[in-house]
Amino acid sequence: MANLTKFFLTFLLLFTFLIGKSEDGYELWLRYKPVDNQVLLNEYCKAIKEVVVFGQSETTEVIKSEIARGLSAMLVQPYSVSSVVSSENVLVIGTPSNSEFIRSLNLVSRLDRLGNEGYLIVETTSKGKKNIVIASNSEVGTLYGAFHFLRLIQSNKSVVALNIEEKPQTTHRLLNHWDNLDRTIERGYAGFSIWDWHKLPDYIDPRYTDYARANASIGINGTVITNVNANALVLTDQYIKKVAALAKVFRPYGIKIYLTARFSAPVEIGGLKTADPLDAQVADWWKTKVEEIYKAIPDFGGFLVKANSEGQPGPQNYGRNHADGANMLAKALAPHGGVVMWRAFVYDHNVPDDRAKQAYTEFNPLDGKFDENVFVQVKNGAIDFQPREPFHPLFGAMPKTPLMMEFQITQEYTGCATHLVYLAPLFEECLDADTHAKGKGSTVAKVIDGSLDNHLYSGMAGVSNIGNDRNWTGHPFAQSNWYAYGRLAWNPNLSSEDIADEWIRQTFSNDSKVIDVLKPMMMQSREAMVDYMTPLGLHHIMARNHHWGPGPWVDGGRPDWTSLYYHRADSLGIGFNRSSTGSNAVAQYYEPVRQQFDKLENCPENLLLWFHHVPWTYKLKNGQTLWNAICDQYYRGTDAVKQMQKQWQGLKGSIDDQRFDHVSQLLQIQVNESVWWRNACLLYFQQFSKMPIPEKYEKPDKTLEYYQNLQFRYVPGIEN
Ligand code: GCW
């Protein structure tokens, strides 16, 4: 009897472990769960009897521990790592310079094509013995290969007869943290900053290592750890020591640290009278400061700068232009191999022109004027990370300058951390867009990977959604946006759907029942969000400051910070006329894109109100009036969220309880907030259209005044 009870207890324990075990999401996509497919498990165990990692650097130590950890957990048997290949079925990891064995394999010509960070994962036969080899020209490259190999097993892919050749398509793959030194995060929705400045440099939070592991696993090789709305303090000696301590943790993972440079730092912390970039003393101050930084951080990456934008100081304060400012910093960094990432996110309410045109107007004439180690960093669209924007006209328009893409991973305008929105389709839409700068096929991806104009440097930046919430990103699904961003920075040509597949398998399950529900759900989630927030090309109609809820009525103060400026609804129609009869922003695009956007009847309907002021009764391609189409899309969006909620409920039991409940509750919030967006926007716009919401739809249950009077304090992400 006692034995029977023990048996049942063990069974129960095992069962709870396998099915109900709660997971808090801390492990991200690096969960390394035991492979539960017996056939594959046998295959893996047969193919990997031993592991050999060559090399003695800190990076090889990282590889050893990650591989041993991953394989032991997934293949449910202990793996230790040795440094001699003595038999077959060995997983061998090394570079030609750290291993005689790798040199003997004849991989050199293949490795030559892969640069410093690329890698091979191949099955080799040497002296009649079959092994799996991960090889690269650098140890960081082998680390990337090791993570790729672990991903194959995590996502239940075969490891027989592997012949993988990978190489990053961009040189700079960065996260941009908008983290302040007081640990608040501008537009951050997942808690406070993970950088514990007060305890640095002496206390090293183990989280820093897990952050580096996660980033290296997707190929991110740099991080800007401070807000672009910069604080000069981070450039003082006291803080440089703290930054150096972080850099030391990240170094073995191939991740460089970058800082934001406040343009007025020479005045604020240097005691100079001016920050004029053409003043010799100023240039000298930066040169000395940069030397000081490199003394502490020999592989420091460089500076990211927001200048003369939204109140930040910059060269224009002294009558100089952006190139003057960027080049002065670039000259200080060049001897050390550092770069400047100079943001093109500039607009000024004192300039009478359409905000959407201003960045192009300022930067296009500066093409060719920047030093070699300067990137111009351009947001995906010309306004500001809206749910849908056309690609930024600067892409393709500055052939002599490497342009760095800036995507926003944090969901400032896309549901903060309560809406399940997979952003990879948004990133993909922009990367795949054809600028036609050099004829057909001049995609944005080719501009930013440097291939269109043959640039040495190329890159992507993603505004981080990471905070000190236990699961890093607040919403469990927001982890997918960090993941997808990294994968696309590595290869801008990957498909968002394939990335979703990879992520689901690693983060939730290889069970096809789970994948078949989650993949389509994620894939349509961005379109659903566009529908319930800003359909048909509407944009910038969110509430003031916190940008979280709807605010199509926002008016007063700086016109370019109101909603009225963007939607221009009146009794005749709605939308911003940016065609040749309006602000003529379309002229900043190459033909035939220009024509396409310019003509109302050719304009893609999902960007209609971005480029045109359209009559309420205008007939769309499906024969509907504009007003009815707007209604349909808002209701379609909220219905899609309700559908997501139902689908998620169907996965009860297939997902661990803790994350299942977490997402269930967030989906209810998303349902409520999508209805809020829909009702508030439709009631507001109805004042102008004077047309009814079609009978078939449930009527908004609150008045417009109700929505307009809602007040919120302490919404995360802003100074309250
Ligand atoms: O998206 C807007 C945000 C600001 C941000 C700015 C920028 C860091 O509302 O909070 O400031 O863009 O990108 O500089």
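Two strands are taken to pair if DSSP finds at least two bridges between them. The exercises below apply this criterion to a predicted model.

**Exercise 1. The open sheet**

Task: Determine in what order the six strands of the open sheet are arranged, and which strands form its edges.

Solution. Step 1: The order of the open sheet is 2-1-3-5-4-6, and its pairing is mixed. Step 2: Strand 2 (81-82) and strand 6 (163-166) each pair on one side only, which identifies them as the edge strands. Step 3: At one of these edges, strand 2 is joined to strand 1 (residues 50-53) by two bridges in the parallel sense. Step 4: Within this pair, S82 of strand 2 stands opposite V52.

**Exercise 2. The barrel and a helix across it**

Task: Describe the closed barrel, then locate helix 8 relative to strand 8 and strand 9.

Solution. Step 1: Eight strands close into a barrel in the order 7-8-9-10-11-12-13-14, with parallel pairing. Step 2: On average, neighbouring strands of this sheet are turned by 25 degrees against each other, direction ignored. Step 3: As a general background, strands of a sheet pair through backbone hydrogen bonds, either parallel or antiparallel. Step 4: Strand 8 (residues 222-224) and strand 9 (residues 256-260) share three bridges in the parallel sense. Step 5: K256 in strand 9 is the bridge partner of G222. Step 6: Helix 8 (residues 237-250) lies across both strand 8 and strand 9, and runs at about 150 degrees to strand 9.

**Exercise 3. Strand 11**

Task: Establish whether the residues of strand 11 are buried or exposed, and which way they point.

Solution. Step 1: The cut-off for a buried residue is under 20% relative accessible area. Step 2: Five of the five residues of strand 11 (residues 339-343) are buried, so the strand is largely enclosed by the rest of the structure. Step 3: V339, M341 and R343 point one way, whereas V340 and W342 point the other way. Step 4: Strand 10 (residues 302-305) pairs with strand 11 over four bridges in the parallel sense. Step 5: One of the residues concerned is G302, whose bridge partner in strand 11 is V339.

**Exercise 4. The ligand site**

Task: State how many residues surround the ligand and which side chains place an N or O atom at a given distance from a ligand oxygen.

Solution. Step 1: The ligand is surrounded by 15 residues, of which E186, K306, K379, D384 and E412 are the closest. Step 2: The side chain of K306 has an N or O atom 2.6 Å from an oxygen atom of the ligand. Step 3: For R187, the corresponding distance is 3.0 Å. Step 4: A polar side-chain atom of N229 lies 3.2 Å from a ligand oxygen atom. Step 5: The ligand taken alone exposes 340 Å², and the protein buries 97% of that.

**Exercise 5. Q670 and T617**

Task: Classify Q670 and T617 as buried or exposed, and give their surroundings.

Solution. Step 1: Q670 is located in helix 22 (residues 657-689) and counts as buried because its relative accessibility is 1%. Step 2: The side chain of Q670 reaches the backbone nitrogen of L420 at 2.8 Å and makes a polar contact with the side chain of Y532 at 3.1 Å. Step 3: T617 belongs to the loop between strand 16 (614-615) and helix 21 (626-649). Step 4: With 53% relative accessibility, T617 counts as exposed. Step 5: Apart from residues up to four places away in sequence, T617 touches T625, L626 and M691.

Terms used: Residues numbered from 1 in each chain as written. Predicted model: local features only at pLDDT ≥ 70, side-chain atom pairs only at ≥ 80, totals over all residues. Heavy atoms only, no water. Axes fitted to C-alpha atoms, helices over the stretch in contact; angles between N-to-C directions. Contact = heavy atoms within 4.5 Å. Near = heavy atom within 4 Å. Polar contact = N/O pair within 3.5 Å; in protein donor to acceptor, adjacent residues only side chain to side chain. Areas by Shrake-Rupley, 256 points an atom, 1.4 Å probe, with all protein chains shown as cover. Buried < 20%, exposed > 50% of the residue type's maximum accessible area, 1.4 Å probe, protein only.
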